[in-house]
Amino acid sequence: MGVRDVANRSSEVVHGFPHLETVRSAITALYRRLSPESVLSYAPSVLPVDVTFGEDDDLHLGAQRVARALVHHLRLPDARVIVSFREMEHAASVELTAGPEYFIELNDRFRTHRRDIGAALAHEITHVLLHRLDLSFPGTRDNEILTDTVTTYLGAGWLLLDAFREDAVSSQKLGYLTPEEFGYVLAGRALAFDEDPRTWFTSPQAYHAYTKGRARALFEAQQPPLTTAGRLGRLRYAKDRRRAQEHLGDQPAGPYAYAFEQGPDGLRVSFPCSTCHQRIRVPVRRRVRARCGLCRTILECDT
């Protein structure tokens, strides 16, 4: 397992939200594997003081210290992580065995780019966590997106976003998610955990990507039938509801669209939970308070 490394090739940094469907599925899968209480136990996020790598720190001792902090944060008390450096294509890789020791190899370039050692270790140590949880997605791409998403949602992935730097002549990005997708997951965590990660960023590009991801997350949390929806959304919803009641037209399309269906007690509407993204079904009865059966978030709806 290795974390993707894009360095000094600015054309290869993809932006936007091309992987959101898989990202949402990853958050849902995490809540299904862990209880809501277990997910919330990963508060607060790992703090910069615990993973900062000073230029005067011994390379190997410093890497071991950061690895121990991440192991502790990700609730892996029995995992001993041994860190080494070598020339390699990826930023890092981990050997997943039955334990109790795990071996992580970091790209040799981190010998001189020490500020991002924590980001590479966070991704690889999350691979260890997912291995122990027996949580995976089929295919390398989707499994790596799962790892990036879980790393971020459990409070260590802000390091991966902060490793993103880009200017006119060079760039660096770690991980499989785009910078904006890292921001989206981080914003979802911030809303669920009531924390603000913006003060932790040292990269201006990471801060900008977070604001874009946060705007997307907030937009999704303000869609009908939630009462936080804006006026235009409410008007559109009322029109679609009327058509559904008259059995006319197609259902709204898209992964974040509400959908109407006939239930045993009349018309129902389904929509994704704004926290865990599992779809919720409630009767069309105007004001309804819905509780997500997976993450237990209470959602105020006007159906």
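These legends describe close-up views of one predicted model. Local features need pLDDT of at least 70, side-chain atom pairs count only at pLDDT 80 or more, and totals for chains, interfaces and linings use all residues. Residues are numbered from 1 along each chain as its sequence is written, and side-chain values use heavy atoms, without hydrogens and water.

**View A. Helix 5 packs against helix 6.** Helix 5 spans residues 117-133 and helix 6 spans residues 140-153 (helices are DSSP runs of H or I, at least four residues; strands are E runs, at least two). The axes, lines fitted to C-alpha atoms over the stretch in contact, are 9 Å apart at about 105° (angles run from 0 to 180 degrees between N-to-C directions). The two helices are therefore roughly perpendicular (65 to 115 degrees). Ala122, His123, Thr126, His127 and Leu130 of helix 5 meet helix 6 residues including Asn143 and Glu144 (contact: heavy atoms within 4.5 Å).

**View B. Strands 8, 9 and 10 form an open sheet.** The order is 8-9-10, with antiparallel pairing (paired strands share at least two DSSP bridges). Strand 8 (259-263) and strand 10 (279-283) are the edges; each has a single partner strand, so one side of each lacks a neighbour in the sheet. The twist averages 30° from one strand to the next. Strand 9 (residues 266-272) pairs with strand 10 over five bridges. Arg268 stands opposite Pro283 in strand 10.

**View C. Helix 10 lies across strand 8 and strand 9.** Helix 10 covers residues 231-245. Helix 10 runs at about 35° to strand 8.

Technical notes. Angles under 35 degrees count as roughly parallel, over 145 as roughly antiparallel, 65 to 115 as roughly perpendicular and the rest as oblique.
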